[in-house]
Amino acid sequence: MTDVFRETAAQPRTEAVPLSHLSLELGHLYMEDLADGRKGLRRHFERVRPWADAARADLAARTTGGRPRMSTCFLVDDYFSRFSTPADLLPLVLEEAERAGLVIDYLARESACAVADKVPLAQAVAGRLVESPPPGSYGARPPVSESGWLANGQRSPAGRSPQAMRRAEPWQPPSETNARRHSVFVDVELWDEDKDGNRTWSCPFLAAVWQLARLGLLRNEGEAVLRPRDASLGELPVEWDELPPLVRLNADADPFSAYRTCSVLPARFLSVEHAVRVILDQTDVDTGAVAQISRRTDNERQPMPGSVVERVSYVFYPEP
Amino acid sequence: MTAPPDTAPTVLACGEVRTCVLPSRRPLDSDAAAQLLQLRADERVLVSKRPNLYVLSPQTLTGVDCRLPTANGAKVRVVGTVAVRAALTEGRILQSSAYFRTPAQGPDRRRPWGHYLIRPGVLEPLGRLPESAAAQGVLAGGRPGELDLGLIADGVLTPLVRHPLLDQRAPLKSRHTRLRWAALPADPGQGPAIEEFTLAEDDLRTVRLRVPAGTEPAAIAALCEDFALHDWLLTTVVRLLDGRLGPVEGPDALTALRPAVEHLMHLWMPRARGDRTLRALWDVLEHDPGFTRQWDNLVQRVRDRLALLNALPKQPVAQPARAGEKT
């Protein structure tokens, strides 16, 4: 029997987003990468090219039925430091990518991972952290939102006052929850605040938001966020804030979000991405979005890993 | 919400509901209620206005890794998340509800946390689950260190009742009630059934149910929230009127009756919403002990009493209870 009477405000809804099989990140540009100008970019894309080819070949081998859908993306930092202008920098990035035989389909600004089109994405993701409970957790709520740190286990007991030190309590090690015999304990700073309470999100936290966006798992009140907008190279703004948070540079590109992501990054990003995985492993993503992806991958007979963090992969290339 | 396809069939679902009056002089309208229950910045609060005003928060999760209470002392460790949500009915009655479901069997060791997060509201046992003993164990309440659904439900309720939107002036004196429930699978082909509904000490109620395979735990939780709300209404009105329906006259009689009339009498509306099949279980409680029968009787007595007070010669001017005054 179906319901005759419906109230839309009383029904949950989740907007579906178009999905590729793979989102391949071709780089993550910080000011220091431009220290020696165009040459640094050229070197980067030359190193990325073989791995991009490998990712494409791997995808083709693993896609069952139909054409493999893959989009590429590139992230420019405009959050921690502002440098150059979109009008100056973007043509340079695209030229050097093209020179290496790469096409950048989408370009995003790092600050879009904090706030995109007035939607506070980072704040929303912070509200979705569900800490991994250490054994013995029977329902007490961990105060993640107060501390601004997220660990992959239990911290060492807090340091004692000098008076208490007299009793010479032995040092207790931290421990990784679910460690394989020995711990690799990581404690990630998610944000800090200035004396007026203005919050600055950490690089790993914004990178985690970036991964969730690429995985098509972010929604705001059920609606898609970070919708790509077209931009033509001739009309790029001179202010970063005037550039849409996510720009589609290739009109023929496959969808931005994908079932899985792969990022080709210099090896120095390894610790940041380890932190990203600690965050993703403890983020309760939108249930409706997860269910939509499960249905689609089932229909396409694409095997999908159970957890979100397993949908994320990397290539770390050595420098220089 | 659809569960991930690889989730094994549920053999046990349990929950606990906390019910209390909203500590606010005026009931909240739908906008204020939606603001109160915005437990997650990026998820919509659901607002239903027919057949009464009912506002439901987004679901949040609490991670646990502990022993499940069992009636026979069997040691079962479970890992996963308990779902928690809050609801406000007619801007007046606040509830928080924690619940989970569990499959018959789980892996021998704990999996990475992301595995559990993608199965919200599922607790996986390490090894086999003795589901009947666990159902009894949860209803009876655990020992220290064992899963504490009440603590999880309180974790959501406590910050809500202290919310700055609320002036902390409850219109009547009442207690928080707790309702624990456990649902085991019904035999194939059988419909849902209530096996036991117990009024225990300390405002604790326990409900043991049988539900057809595939019944969503959220739907069972909704049914039990409906039971809890109406049980709270009965409990509260019975207590308000306890000893006050006798031949007392004048201000005392009015003071006793007024909060019930102004704030509670319009709230009775069993099976206002929820799963159609499960809603039929109300018939069981209506038959025995007869929830609505008792409510109708209380309402009738209040109305008769008011009519009588009205008909009596006027007493010295009765001061109506000031709004917000505890009675």
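# Exercises on a two-chain predicted model

B:Glu43 and A:Arg128 form a salt bridge (a side-chain nitrogen of Lys or Arg within 4 Å of a carboxyl oxygen of Asp or Glu), with 2.4 Å between the closest N and O atoms. The model is predicted, so local features need pLDDT of at least 70 and side-chain atom pairs count only at pLDDT 80 or more, while totals for chains, interfaces and linings use all residues. Residues are numbered from 1 along each chain as its sequence is written, chains are lettered from A and ligands numbered from 1 in the order in which they are written, and side-chain values use heavy atoms, with hydrogens and water left out.

## Exercise 1. The interface

Task: Describe the contact of chain A with chain B by residues, buried area and polar pairs.

Solution.
1. Contact means heavy atoms within 4.5 Å; 49 residues of chain A and 43 residues of chain B take part.
2. Buried area is the accessible area (1.4 Å probe) that two parts lose on being put together, summed over both. Here this area is about 3,700 Å², and carbon and sulfur atoms give 51% of that value.
3. The rule finds 3 salt bridges across the interface. There are also 19 residue pairs in polar contact, both residues at pLDDT 80 or more. A polar contact is a pair of N or O atoms within 3.5 Å; within protein, one must be able to donate a hydrogen and the other to accept it, and residues adjacent in sequence count only if both atoms are side-chain atoms.
4. On the side of chain A that touches chain B, strand E10 (219-220) and helix H8 (287-299) each supply at least two residues. Helices (H or I, at least four residues) and strands (E, at least two) are DSSP runs, numbered from the N terminus.
5. The largest share of that side, 7 residues, comes from H8(A).

## Exercise 2. A salt-bridge network

Task: Which residues do salt bridges that share partners join into one network?

Solution.
1. Within chain B, the side chains of B:Arg40 and B:Glu43 meet in a salt bridge at 3.7 Å, N to O.
2. B:Arg40 has a relative accessible area of 4% and is therefore buried; buried means under 20%, exposed over 50%, and partly exposed in between (1.4 Å probe, protein chains only).
3. The network consists of A:Arg128, A:Asp284, B:Arg40, B:Asp42 and B:Glu43.

## Exercise 3. Bridges within a chain

Task: Where do the partners of the pairs A:Asp78 with A:Arg109 and B:Asp154 with B:Arg18 lie?

Solution.
1. In the first pair, A:Asp78 and A:Arg109 have their closest N and O atoms 2.9 Å apart. A:Asp78 lies in the loop between strand E2 (70-76) and helix H2 (86-99), and A:Arg109 in strand E3 (residues 106-109), so parts 31 residues apart in sequence are tied together. Both residues are buried.
2. For B:Asp154 and B:Arg18 the corresponding distance is 2.7 Å. B:Asp154 lies in helix H4 (residues 149-161) and B:Arg18 in strand E1 (residues 10-21), so the tied parts are 136 residues apart in sequence.
3. B:Asp154 is partly exposed at 23% relative accessible area, whereas B:Arg18, at 12%, counts as buried.

## Exercise 4. Helix H5 of chain B

Task: Why does the span of helix H5 of chain B agree with expectation?

Solution.
1. The expected span of a helix is 1.5 Å times one less than its number of residues.
2. H5(B), residues 217-241, has 25 residues and should therefore span 36 Å; its end C-alpha atoms are 36 Å apart, which agrees.
3. Of the 25 residues of H5(B), 21 are buried.
4. Just after H5(B), B:Gly243 takes a positive phi of about 75 degrees.
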